[in-house]
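Me: Please take a close look at one part of this model, and start from the whole chain. I want the reasoning along with the values. Keep it brisk.

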Amino acid sequence: MTAVTLDALDLSALLCSRICHDVISPVGAIVNGLEVLEDESDASMREFALDLIRKSARQASARLQFTRIAFGAAGSAGASIDLADAEKVSRGMFGDEKTQLTWSAPQALYPKNKVKLLLNLVVIATSAIPRGGVIDVQVTGDGEAPTLVLRAKGSHARIPPHVESLIAGAPEHGVDAHGILAYYAGLVARAAAMDVRFSIDGDTVTIRSEPSAAAAEEAPIIGVPLELGPPDTALA
């Protein structure tokens, strides 16, 4: 496989495009609700509009809180993120009628990039069950050598197309806004010196991430100079 290199501008542009795609829907619904309130005098319609605004505002807030930790510089003043915060934003983002989330992890601070990797793998696990189902997240071991296991179970479960090559940093057809999350997960995994493997058994896709044999400082960070900081903070 031939590695694909993105410079810093392309990487940031694709991530911004994906985040905007995820947030624009609830924000648009809020705008629609406000327009109904301005033009509608019927009490039932106004209550419907208010309900739409409430739900959409909560959804937009949940998505922004999740992306702040998964892709942003949350906790940049230190090198660790609380796994409890990771659970909270994951439940806010994905816990709904379609997808249930179960979570088993220590109540502890973990290195930032390992938590960011975990959150990005939650997104990938969600795409593995397009019709919904259950995502079980298990984190074991200490922060320096954790094991992350995510099991996505649901109807029509499948390993998402091209996800393995994207995480490996060598996609066959380049990287676009749709594939940027898996590509970014691969960058974070290499920065955190973690391997990621996929398997499928019936209606269950398992994503397993463990410390890799290679030293974290030997992993290239595409578009980000290594001298910005140690491996676990280079992508902060």
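Reply: Of the 236 residues in the protein chain, buried residues make up 46%. This is a predicted model. The chain has six helices and seven strands. Along the sequence they follow the pattern α-α-β-α-β-β-α-β-β-α-α-β-β. Take the contacts with a separation of 6 or more: residues 24 or more positions apart account for 69% of them.

The part to look at is helix 4, residues 112-128. How many of its residues are buried? The count is 16 of the 17, so helix 4 is largely enclosed by the rest of the structure. Its length can be checked as well. At 1.5 Å a residue, helix 4 should span 24 Å. The expected span takes one less than the number of residues, because that is how the span is defined. The end C-alpha atoms of helix 4 are 25 Å apart, which agrees with the expected value.

Now its partner. Two packed helices are described by the angle between their axes and the distance between the axes. Helix 3, residues 83-94, packs on helix 4 with the axes 10 Å apart. The angle between helix 3 and helix 4 is about 20°. Angles under 35 degrees count as roughly parallel. Helix 3 and helix 4 are therefore roughly parallel to each other. The crossing of helix 3 past helix 4 is right-handed. On the helix 3 side, the contact uses Leu83, Ala86, Val89, Ser90 and Phe94. On the helix 4 side, these meet Val115, Leu118, Leu119, Val122, Val123 and Thr126.

A second helix pair sets this one in context. Helix 1 and helix 6 (residues 180-191) have axes that come within 10 Å. They cross at roughly 130°. Which class does that angle fall in? The value is outside the parallel, antiparallel and perpendicular ranges, so it belongs with the rest, which count as oblique. Helix 1 and helix 6 are therefore oblique to each other. Helix 1 passes helix 6 in a left-handed crossing. Leu11, Leu14, Leu15 and Arg18 of helix 1 make the contact with Ile180, Leu181, Tyr183, Tyr184 and Leu187 of helix 6.

Arginine 18 has a further role in the list of contacts: its salt bridge with aspartate 22. Side chains of opposite charge can pair when their charged atoms come close. For arginine 18 and aspartate 22, the closest N and O atoms are 3.4 Å apart. The two residues are four apart in helix 1 (residues 8-39), which means about one helical turn separates them. Buried or exposed? With 18% relative accessibility, arginine 18 counts as buried. Aspartate 22, with 14%, also counts as buried. The cut-off for buried is under 20%.

The structure holds six salt bridges. One of them joins lysine 55 and aspartate 51, at 3.3 Å from N to O. Lysine 55 and aspartate 51 lie four residues apart in helix 2 (residues 43-70), so about one helical turn separates them. Aspartate 51 counts as partly exposed, at 30% relative accessibility. Arginine 197 and aspartate 195 also meet in a salt bridge, with 3.8 Å from N to O. Aspartate 195 counts as partly exposed, at 28% relative accessibility.

Close to aspartate 195 in number is alanine 193, in the loop between helix 6 and strand 6 (194-201). Its phi is near 55°, a positive value in a residue other than glycine. Alanine 193 is buried, at a relative accessible area of 15%. Histidine 156 likewise is not a glycine, and its phi is positive, at about 60°. Histidine 156 sits in the loop between strand 5 and helix 5 (163-167).

Last, strand 5 itself. Threonine 147 is found in this strand, which covers residues 147-153. At a relative accessible area of 16%, threonine 147 is buried. Setting aside neighbours within four places in sequence, what does threonine 147 contact? It is in contact with Gln138, Val139, Thr140, Arg208, Ser209 and Glu210.

Back to the part in question. Helix 4 has 16 of its 17 residues buried, and helix 3 packs on helix 4 at about 20°.

Conventions
Residues numbered from 1 in each chain as written. Predicted model: local features only at pLDDT ≥ 70, side-chain atom pairs only at ≥ 80, totals over all residues. Heavy atoms only, no water. Buried < 20%, exposed > 50% of the residue type's maximum accessible area, 1.4 Å probe, protein only. Salt bridge = Lys/Arg side-chain N within 4 Å of Asp/Glu carboxyl O. Contact = heavy atoms within 4.5 Å. Axes fitted to C-alpha atoms, helices over the stretch in contact; angles between N-to-C directions. Parallel < 35°, antiparallel > 145°, perpendicular 65-115°, else oblique. Left-handed = near helix turned anticlockwise from the far one by under 90°.
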